[in-house]
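Here's a quick briefing to read alongside the model. Have the sequence and the 3D view open while you go through it.

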Amino acid sequence: MTAKKIGSLMAHTPHRAPRSVSHAIAAGLLGFALLTASGTAAAAETPENPTPVPTLAYTASVGADVADVYYPETGSLLPVVLLQQGANVDKSHYEGYARTVAAFGFVVVVPNHLRSVFGVPGLWASADQGLTTVAWSKAENARAGSPLAGRMEPTAFALLGHSFGGAAGVATVQGQCAPPFCFGLPPGAVKPAELKAAAFFGTNNAPPGGGPVAPVNNTVPVALIQGSADGVAAPAAAQATYEALLGKPKALVTVAGVNHYGITNVQNPPGAAPDPSAQSIDQIDGIRTSARWAALFLKASLGDAFARSYVRYWGDAADLAVTVQQAY
């Protein structure tokens with residue numbers, strides 16, 4: 001079965017959707033009355049913390065990596081999500097995106113994964129990071145004194161990824177270990193048994209230099225969140241990758257006016273390859289919209305009935321900022 005938005009992205013205005021619309025949607029999804037009071041943003045909202053829903057954070061060692069861990073103030077049996085960074089994008093630049101996903105009821109782990117790829121050292125995500133994160137979550141959930149002791153559900157694990165990190169995640173959902181995303185592990189070894197779903201931003205599986213996209217044998221539901229103004233990871237490549245996904249449910253969520261750095265705290269973070277294409281919407285709105293769709297796709301895949309209804313049936317029509325293709 002497929003579902004598509006009535007109308008097309010071309011019918012959208014190139015600027016952001018009204019905040020009143022975004023807040024009304026977010027109010028219903030998060031269940032917090034504080035989002036319904038007005039159609040304007042709370043003064044405290046910034047790209048680093050774009051949602052007023054309370055979230056907390058601490059720093060942890062996840063394997064050999066230093067990681068930032070974001071989580072909601074309340075709640076138990078929280079699914080664990082690994083957010084894999086884009087090439088040479090420091091973990092700190094994902095604070096706003098991670099906090100927004102966490103506000104939907106997740107523990108979001110954002111490591112700085114230092115390694116060398118073909119002799120070049122840097123922040124490079126790898127396809128085996130999920131294994132390390134699941135092991136950490138099980139130990140942390142049982143550790144006396146952990147801020148998350150007894151609150152996590154390590155058997156409900158999901159992936160988020162940006163750019164190179166998303167491509168590493170595409171390898172993970174297939175159980176592939178191949179350069180540059182993985183070295184030295186047997187086929188299938190990189191996919192945790194606990195993995196339930198994935199949502200990747202600015203990600204595709206197109207070969208360098210162009211050419212057809214090989215079939216993607218994803219064994220869990222996958223969403224591709226794609227900015228329409230992305231000048232680094234072309235929307236056409238995301239479309240081709242969506243069509244190449246063999247497993248269902250799958251979704252391609254196009255966010256109007258967002259470029260390759262629509263989910264980071266700032267445009268063109270230091271150290272990362274810049275996007276020559278300008279973003280035409282507010283950074284906060286790009287983060288909020290992209291995180292909302294990623295989080296709700298993950299929740300739907302984990303069995304949440306409201307999230308499933310939103311993602312499959314009415315969220316597309318309600319959200320003026322997106323166009324959705326999906327199959328399930």
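**The overall picture**

Within the protein, residues 24 or more positions apart account for 72% of the contacts with a separation of 6 or more. Keep in mind that this is a predicted model. The secondary structure comes to 7 helices and 12 strands, and 58% of the 328 residues count as buried.

**Nonpolar cores**

- The largest nonpolar core has 43 residues, and the ones touching the most other members are Tyr97, Val108 and Leu160.
- Helix H6 (residues 283–301) chips in the largest share of this core, with 9 residues.
- There's another core apart from that one, made of 33 residues, among them Met152, Ala198, Val222 and Ala327.
- Back to valine 108: leaving aside neighbours within four places in sequence, this residue is in contact with Asp68, Val69, Tyr70, Val81, Leu83, Ala98, Val101 and Ala102.

**Helix H4, under cover**

- H4 (residues 164–174) is mostly covered, with 11 of its 11 residues buried.
- The buried residues of H4 include Phe164, Gly165, Gly166 and Gly169, as well as Val170, Val173 and Gln174.
- Who does the covering? The list includes strand S4 (78–84), strand S6 (114–117), strand S8 (152–162), strand S9 (195–201) and strand S10 (222–227).
- Take threonine 172, which lies in H4: its relative accessible area is 2%, so threonine 172 falls under the 20% cut-off and is buried.
- Not counting neighbours within four places in sequence, threonine 172 is in contact with Ala127, Leu159, Val190, Lys191, Pro192 and Leu195.
- Glycine 175 follows H4, and its phi is positive, near 70°.

**How H6 meets H7**

- The axes of H6 and helix H7 (residues 305–318) come within 7 Å and cross at roughly 130°.
- That angle makes H6 oblique to H7, because it sits neither in the 65 to 115 degree range for roughly perpendicular nor over 145, where roughly antiparallel begins.
- On the H6 side, the contact is made by Arg292, Trp293, Leu296, Phe297, Lys299 and Ala300.
- H7 brings Ala307, Arg308, Tyr310, Val311, Gly315 and Asp316 to the contact.
- By type, the residues of this H6–H7 contact divide into 7 nonpolar, 1 polar and 4 charged.

**The disulfide**

- A search of the whole structure turns up 1 disulfide.
- The disulfide joins cysteine 177 to cysteine 182, with an S to S distance of 2.0 Å.
- Left-handed or right-handed? The torsion about the S-S bond of cysteine 177 and cysteine 182 is about -85°, so the disulfide is left-handed.
- Cysteine 182 has 3% relative accessibility, so this residue counts as buried.

**Alanine 272, a loop residue**

- Alanine 272 lies in the loop between strand S11 (250–255) and H6.
- Buried or exposed? Alanine 272 is buried, with a relative accessible area of 12%.
- Apart from residues up to four places away in sequence, alanine 272 touches Ala87, Asn88, Val89 and Tyr261.
- The C-alpha atoms of alanine 272 and glycine 86 are separated by 8.0 Å, though these two residues are 186 residues apart along the chain.

Technical notes: Residues numbered from 1 in each chain as written. Predicted model: local features only at pLDDT ≥ 70, side-chain atom pairs only at ≥ 80, totals over all residues. Heavy atoms only, no water. Core = buried A, V, L, I, M, F, W, Y, C linked by side-chain atoms within 4.5 Å. Buried < 20%, exposed > 50% of the residue type's maximum accessible area, 1.4 Å probe, protein only. Helix = DSSP H or I, 4+ residues; strand = E, 2+ residues; numbered from the N terminus. Contact = heavy atoms within 4.5 Å. Axes fitted to C-alpha atoms, helices over the stretch in contact; angles between N-to-C directions. Parallel < 35°, antiparallel > 145°, perpendicular 65-115°, else oblique. Nonpolar A, V, L, I, M, F, W, Y, C, P; charged D, E, K, R; others polar. Disulfide = S-S within 2.5 Å.
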